[in-house]
Amino acid sequence: MQPANTTTSALTAPASLRWFGTAAILAVGMIAGGYLLGDGLLRAKDAERAVTVRGLAERDVTADLATWTISYSASSTSLAEAQAKVRGDTQSIEAFFKELGFPAEALQPTGANVNSSTDLSGNTTYTVRQRLALRTTDITRAQKAVARQFDLVGRGVFLEEGSGMAYTFTKLNAIKPEMVAAATKDARAAAQQFAKDSNSGVGKIRDATQGYFEIEARDGDAGGWGSADSPYKKVRVVTTVSFTLD
């Protein structure tokens, strides 16, 4: 009988070891899974502790480019007379800007056209239109020119509608980094106020979105009349930033 018992023990021992091994692996897996699940829940909870705010940055700037499109015309029943009048007006305009100290290359022609119309009596009238453009970075001199534009009318130049100075700020890229930093700082100040009210602290930036840069007239309604004919501009940008809360 003793040999039979020895054989049975030998057969059941490996099965017991395999069962205990499997149980140990399952236990380790459950522990690891529980840890990862708990860590994931903590991270999800931390992700919920965040505040999203907006930051504003504004800066007053002065335009660095002035463009004045001058459109004028002359009408006559004689095409030659209309053309001669326009040539004379062109000379008057060139003399006007020369007297103000602008170099000759600052004034360039941008287009010309001729229209004709015939009345019921069969008389044909010709209208010759000419456009010149002044382009300069001398903003002060450009302002003086606009202030004296009626001198051109006094010289017999008929300025058509649409003749006006447009001021442009072209150095936006140079101030973008500083303005984005200022807007982010403003957003953090707003987040700190929220955090103070909830007895929390402001942590790192979770995500951020930069808004569009807008250039508007410094004075008057934004986007309204006068937004281009004033050299004094206001640049603004709004950023949306999400901060974690500690």
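This passage describes the fold, the cores and the largest pocket of a predicted model.

The protein chain has 246 residues, of which 28% count as buried. Its secondary structure amounts to 5 helices and 8 strands, and the order of these elements from the N terminus is α-β-β-α-β-β-α-α-β-α-β-β-β. Contacts that link distant parts of the sequence are well represented: among contacts with a separation of 6 or more, 77% are between residues 24 or more positions apart.

A good place to start is the sheet. Four strands, in the order β3-β4-β2-β5, make up an open sheet with antiparallel pairing. The edges are taken by β3 (107-118) and β5 (164-168), each of which has a single partner strand, so one side of each lacks a neighbour in the sheet. From one strand to the next, the twist averages 15°. Strands of a sheet pair through backbone hydrogen bonds, in a parallel or an antiparallel manner. Here, strand β2 (residues 65-76) and strand β4 (residues 124-136) run antiparallel and are joined by 11 bridges. Within this part of the sheet, Trp 68 is placed opposite Leu 134 in β4.

Two helices pack on these strands. Helix α2 (residues 79-99) lies across β2, β3 and β4, and its direction is at about 150° to β2. Helix α3 (residues 139-147), in turn, lies across β2, β4 and β5, at about 160° to β5.

Which residues touch the most other members of the largest nonpolar core? Of its 25 residues, these are Trp 68, Tyr 72, Ile 93, Phe 97, Leu 134, Met 165 and Tyr 167. At least two residues of this core come from each of β2, α2, β4, α3 and β5. Another core, of 10 residues, lies apart from it and includes Ala 57, Leu 172, Ile 175 and Val 235. As a general background, nonpolar side chains tend to be buried together in soluble globular proteins.

Phe 97 offers a helpful view of the core from helix α2, where this residue is found. Phe 97 is buried, since its relative accessible area of 3% falls under the 20% limit. Beyond residues up to four places away in sequence, Phe 97 touches Trp 68, Ile 70, Phe 102, Leu 107, Leu 134 and Ala 145. Phe 97 and Ala 142 are separated by 45 residues in sequence, while their C-alpha atoms are 9.7 Å apart in space. Tyr 167 touches Ala 142 as well as, among others, Leu 65, Ile 139, Val 146, Pro 231 and Lys 233, again setting aside residues up to four places away in sequence.

Ser 92 also lies in helix α2. Is Ser 92 buried or exposed? With a relative accessible area of 19%, Ser 92 is buried, because the limit is under 20%. Leaving out its neighbours within four places in sequence, Ser 92 has contacts with Leu 152, Arg 155 and Val 157.

Attention can now turn to empty space. The largest pocket has a volume of about 170 Å³. Its lining is made up of Thr 90, Glu 94, Phe 97, Lys 98, Phe 102, Pro 103, Ala 104, Leu 107, Gln 108, Pro 109 and Leu 132. Both α2 and β3 supply at least two residues of this lining, and α2 gives the largest share, with 4 residues. Phe 97 thus appears both among the pocket-lining residues and among the core residues that touch the most other members.

Technical notes:
Residues are numbered from 1 along each chain as its sequence is written. This is a predicted model: local features need pLDDT of at least 70, side-chain atom pairs count only at pLDDT 80 or more; totals for chains, interfaces and linings use all residues. Side-chain values use heavy atoms; hydrogens and water are left out. Two strands pair if DSSP finds at least two bridges between them. Axes are lines fitted to C-alpha atoms, for helices over the stretch in contact, and angles run from 0 to 180 degrees between N-to-C directions. Contact means heavy atoms within 4.5 Å. Buried means under 20% relative accessible area, exposed over 50%, partly exposed in between (1.4 Å probe, protein chains only). A nonpolar core is a set of buried Ala, Val, Leu, Ile, Met, Phe, Trp, Tyr and Cys residues joined through side-chain atoms within 4.5 Å. On a 1 Å grid over the protein atoms alone, a cavity is a set of points where a 1.4 Å probe fits but cannot get out, and a pocket is an open set with protein on both sides within 12 Å along at least five of seven lines; lining residues have an atom within 4 Å of a point. Grid points are joined across faces, edges and corners, and a volume is the space filled by probe spheres set on the points.
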